[in-house]
Amino acid sequence: MDKRSIAVILVIVGTIISLICLIHTTPITMTVFFFIGLPSYVLSNLLYIIDIFSTLAKRSR
Amino acid sequence: MKKLPEWAFFVIIVIVPVLFSLVTMPVSFNRSKTLQFCNSCHIMTPFVESLKDPEVETLATKHYQHRWVAHDQCATCHTDYDFLGPADAKWRGLRHITAYYLDPKPKQPKLYKPYLNINCLQCHEGTKKFSDNPVHAASLEEIKTNKMSCLECHRPVHPEEITHKE
């Protein structure tokens, strides 16, 4: 599985968690959003950036 | 997944998370100020019930029943009255929940730091009733610098059978 696929899966996980938090805001859904949902989004963006840079590096070689 | 065009990846991985974060964070932040939100955590239920109990005469109950604090009563008193107060209050709340779920023997939640008088003074300071009280006038400096806590005289805040439960 390549980096982009993992990034998309992380976005899906984060989006499901944030939708649950929006539909039913409770202390536990909010905690899950802050400690799992948001880090999933951040990690997916990092993977995407790393993938872009590694692709650019391959092309320049 | 590699068949998707480049812009689709950008939308899915960058735009969607930004949009969802921008909606979820303020909405959940705002909802978490309500009394219903605090009551949805079972450990807080006795505190919220005591607010509504006509037999209870604690400081928090009076503030709730007389509507001295019109809405979001828990958050209004438990949020420090400064620039980062609301964010800090939410962070402390998240710490309470995380500690509760990670602790094998969950304890009664306690304040992480002493209660600041500024949270009382944000409403009471400058009011006639507050200023006319000779005790307040004599010890205003101590009250403002937290050397003397408002709660030393104005207690109990919540029923002691709940706050001292272990």
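Here are some short exercises, each with a worked solution, on a predicted model of two chains, A and B.

**Exercise 1. Find out how confident the predictor is in chain B, and where its confidence is lowest and highest.**

Step 1. Begin with the average: chain B has a mean pLDDT of 89, and 98% of its residues score at least 70.

Step 2. Now go helix by helix. Confidence in chain B is lowest in helix H11 (residues 160-163), with a mean of 84. It is highest in helix H4 (residues 59-65) of chain B, at 95.

Step 3. Finish with the scores of the model: ipTM is 0.89 and pTM is 0.78.

**Exercise 2. Describe the make-up of chain A and decide whether chain A is compact or spread out.**

Step 1. Count the elements: chain A has 2 helices and 0 strands.

Step 2. Compare the radius of gyration with the globule rule. Chain A has 15 Å, whereas the rule gives 10 Å for 61 residues, so chain A is more spread out than a compact globule.

Step 3. Look at the box around the chain. The C-alpha atoms of chain A fill roughly 50 × 15 × 15 Å along the principal axes.

Step 4. Add burial: 36% of the 61 residues of chain A count as buried.

**Exercise 3. Do the same for chain B: list its elements, then its dimensions and burial.**

Step 1. Chain B contains 11 helices and 0 strands, and its pattern along the sequence reads α-α-α-α-α-α-α-α-α-α-α.

Step 2. The radius of gyration of chain B is 21 Å, while a compact globule of 166 residues would have one near 15 Å. The box that its C-alpha atoms fill is roughly 75 × 35 × 30 Å.

Step 3. Of the 166 residues, 14% count as buried.

Step 4. Turn to contacts within chain B. Taking those between residues at least 6 apart in sequence, 56% join residues at least 24 apart.

**Exercise 4. Work out how chain A meets chain B, and which helix of chain A gives the most to that side.**

Step 1. Count both sides: 23 residues of chain A are in contact with 21 residues of chain B.

Step 2. Identify the elements on the chain A side. Those giving two or more residues are helix H1 (3-23) and helix H2 (27-60) of chain A.

Step 3. H2(A) gives the most, with 11 residues.

Step 4. Sort this side of chain A by class: 13 residues are nonpolar, 9 are polar and 1 is charged.

**Exercise 5. Locate the largest nonpolar core and say which elements build it.**

Step 1. List its 9 residues: Ala7(A), Val8(A), Leu10(A), Val11(A), Tyr41(A), Leu47(A), Tyr48(A), Ile12(B) and Ile13(B).

Step 2. Two or more of these residues come from each of H1 and H2 of chain A and helix H1 (6-31) of chain B. H1(A) gives the largest share, 4 residues.

Step 3. Zoom in on Tyr41(A). Leaving out residues up to four places away in sequence, Tyr41(A) touches Val11(A), Gly14(A), Pro17(B) and Ser21(B).

Step 4. Apart from this core lies another, of 5 residues, including Ile17(A), Cys21(A), Met30(A) and Phe33(A).

**Exercise 6. Decide whether Ala87(B) is buried or exposed.**

Step 1. Find the residue: Ala87(B) lies in helix H6 (residues 85-102) of chain B.

Step 2. Count its neighbours. Ala87(B) has 12 C-beta neighbours inside 10 Å, and a residue with 12 or fewer is exposed, so Ala87(B) counts as exposed.

Step 3. For a sense of distance, the C-alpha atoms of Ala87(B) and Val23(B) are separated by 16 Å, with the two residues 64 apart along the chain.

Notes. Residues are numbered from 1 along each chain as its sequence is written. Chains are lettered from A and ligands numbered from 1 in the order in which they are written. This is a predicted model: local features need pLDDT of at least 70, side-chain atom pairs count only at pLDDT 80 or more; totals for chains, interfaces and linings use all residues. Two residues are in contact if their C-beta atoms, placed from the backbone, lie within 7 Å. Ala, Val, Leu, Ile, Met, Phe, Trp, Tyr, Cys and Pro count as nonpolar, Asp, Glu, Lys and Arg as charged, and the others, Gly among them, as polar. The radius of gyration is taken over C-alpha atoms; the globule rule is 2.2 Å times the number of residues to the power 0.38. A residue is buried if 20 or more other C-beta atoms lie within 10 Å of its own, exposed if 12 or fewer, and partly exposed in between; C-beta atoms are placed from the backbone. A nonpolar core is a set of buried Ala, Val, Leu, Ile, Met, Phe, Trp, Tyr and Cys residues joined through C-beta atoms within 7 Å. pLDDT is the predictor's confidence in each residue, from 0 to 100.
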